[in-house]
Amino acid sequence: RLATNTMAQQQAVVGEDGAVSRGGDVRAEALARANQIGGNYVMVSVRQKENPVLKHVRNVPWQFVQDQLADFVVGRTTCMLYLSLRYHRAHKDYIHARMRELGSTFKLRILLVHVDVKDSHHDLIELGKLCLYRDYTMMLAWTIREAGRYIETYKAYENKSGDGLQEKVDGDMLSKVTSALTTVRGVSKPDAVTLMSTFGSMEGIVSASADELRICPGFGDKKVHKLQSTFTEPFVKQTTRRHPHGQAD
C-alpha cells in the first residue's frame, strides 16, 4: 500500500513557469510532462481542486498540475475527464468543449461519470454515443468513493499486464473437462472425475448411453437426463412464429 501524501504535499502545484501556448504545443507538453514527472503520481488539474473525489484517492499519491487539459492523468498514455451528471444537465456544452480541447493527446481517454441524479438512463445513452464518436471509454460511478477507486485502480495497474486480470485456467485436460461439466446444474467436481475415469475422454462421456451413465456412482435418472439434455440441446433455441389466426409454424 502506497503512503498517502499529506494535504500540503498533495497541493504542491507543478508547472508554475507560466502558461503555455495552445494547440500542438500544449499536447506535446502534456505528453512530455506525463513522461517526466508522472512517475508514481496521479497528476490532477488545478481545476479539480475543489472536487470531493480527491478525498477518496488515498492509495496512490497525487499532485496538482497547472495548464493540464485532462482532469486526471493516470498513466503515460491514459487520462480522464470527470463529469457529474447533475452538472451535465445544467451545462450540456461543457463536456463537448472539454473533449474538443483535449483532442487525441492520449491513447486511452476515459470519461469518468458520477451518476448523482435519478432517472439517468437518457443522459447515459447520450454520453455513450458521444464517447463512441470521440473514442472515449466511459466509466460509471454511483458514489464519489467509487469514482476515487477507479482513479486509484487505473494508476495502480498502469504498468501491469492484462494477464493479471484474466481468469487463471488450468492447462491439463482433466481440469478443462471438469470446468466444462460442472457448468451443468447438479454435476459436481467429483462427478466429473468419475465420468473421466470411467469413459476416458469428453468424447466418451458425450457418446455414453443413459444406461452406461447410470452405472456411475452418484448418477441417478435426474442427473443423467440433465447431462444428456445439455449435450443434445441446440445452441440456438428455435423461436415459434405464430400466424394471425393462431397457428404455429
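**Exercise 1. Surroundings of Phe219**

Determine which residues Phe219 touches, not counting residues up to four places away in sequence, and decide whether Phe219 is buried or exposed.

*Solution.* In this predicted model, the residues that Phe219 touches are Asp191, Leu195, Leu213, Arg214, Val224 and Leu227, with residues up to four places away in sequence left out of the count. Next, locate the residue: Phe219 sits in the loop between helix H10 (210-214) and helix H11 (221-232). Its relative accessible area is 5%. Since buried means under 20%, Phe219 is classed as buried. Finally, consider the distance along the chain: Val187 is 32 residues from Phe219 in sequence, yet their C-alpha atoms are 9.0 Å apart in space.

**Exercise 2. Packing of H7 and H8**

Establish how the axes of helix H7 (residues 173-181) and helix H8 (residues 189-199) are placed, and which residues make the contact.

*Solution.* Begin with the axes, which come within 9 Å and cross at roughly 125°. This angle lies outside the ranges for parallel, antiparallel and perpendicular pairs, so H7 and H8 are oblique to each other. The crossing of H7 past H8 is right-handed. H7 contributes Leu174, Val177, Thr178 and Leu181 to the contact, and H8 contributes Lys189, Ala192, Leu195 and Met196. By class, the residues of this contact of H7 with H8 comprise six nonpolar, one polar and one charged.

**Exercise 3. The buried side of H4 and its partner**

Identify the buried residues of helix H4 (residues 94-102), and describe how H4 packs with helix H5 (residues 121-134).

*Solution.* The buried residues in H4 are Ile95, Arg98, Met99 and Leu102. They lie on the same side of H4, because they cover an arc of only 95° around the axis. The general principle is that an α-helix has 3.6 residues a turn, so residues three or four places apart point the same way.

Turning to the partner, H4 and H5 pack with their axes 12 Å apart and at an angle of about 15°. As angles under 35 degrees count as roughly parallel, H4 is roughly parallel to H5. H4 passes H5 in a crossing that is right-handed. On the H4 side the contact involves Ile95, His96, Met99 and Arg100; on the H5 side it involves Leu127, Leu130, Cys131 and Arg134. The residues of the contact of H4 with H5 comprise five nonpolar, one polar and two charged. Just after H4, Gly103 adopts a positive phi of about 65°.

**Exercise 4. Backbone and burial in two loops**

State what phi Asp67 and Asp119 have, and classify Asp67, Asp119 and Gln68 by relative accessibility.

*Solution.* The background is that most residues other than glycine have a negative phi. Asp67, although not a glycine, has a positive phi of about 55°. Asp119, also not a glycine, has a positive phi of about 55°.

Asp67 belongs to the loop between S3 and S4, and at 27% relative accessibility it counts as partly exposed. Asp119 lies in the loop between strand S6 (108-114) and H5, and its 71% relative accessibility makes it exposed. Gln68 is in the loop between strand S3 (62-65) and strand S4 (72-75); at 8% relative accessibility, Gln68 counts as buried. Gln68 and Arg47 are 21 residues apart in sequence, with a C-alpha to C-alpha separation of 9.0 Å.

**Exercise 5. The protein overall**

State how many helices and strands the protein has, and what percentage of its residues is buried.

*Solution.* The protein contains eleven helices and seven strands. Of its 249 residues, 35% are buried. Among contacts between residues at least 6 apart in sequence, 64% join residues at least 24 apart.

Key. Residues numbered from 1 in each chain as written. Predicted model: local features only at pLDDT ≥ 70, side-chain atom pairs only at ≥ 80, totals over all residues. Heavy atoms only, no water. Buried < 20%, exposed > 50% of the residue type's maximum accessible area, 1.4 Å probe, protein only. Helix = DSSP H or I, 4+ residues; strand = E, 2+ residues; numbered from the N terminus. Arc of directions from axis to C-beta. Axes fitted to C-alpha atoms, helices over the stretch in contact; angles between N-to-C directions. Parallel < 35°, antiparallel > 145°, perpendicular 65-115°, else oblique. Left-handed = near helix turned anticlockwise from the far one by under 90°. Contact = heavy atoms within 4.5 Å. Nonpolar A, V, L, I, M, F, W, Y, C, P; charged D, E, K, R; others polar.
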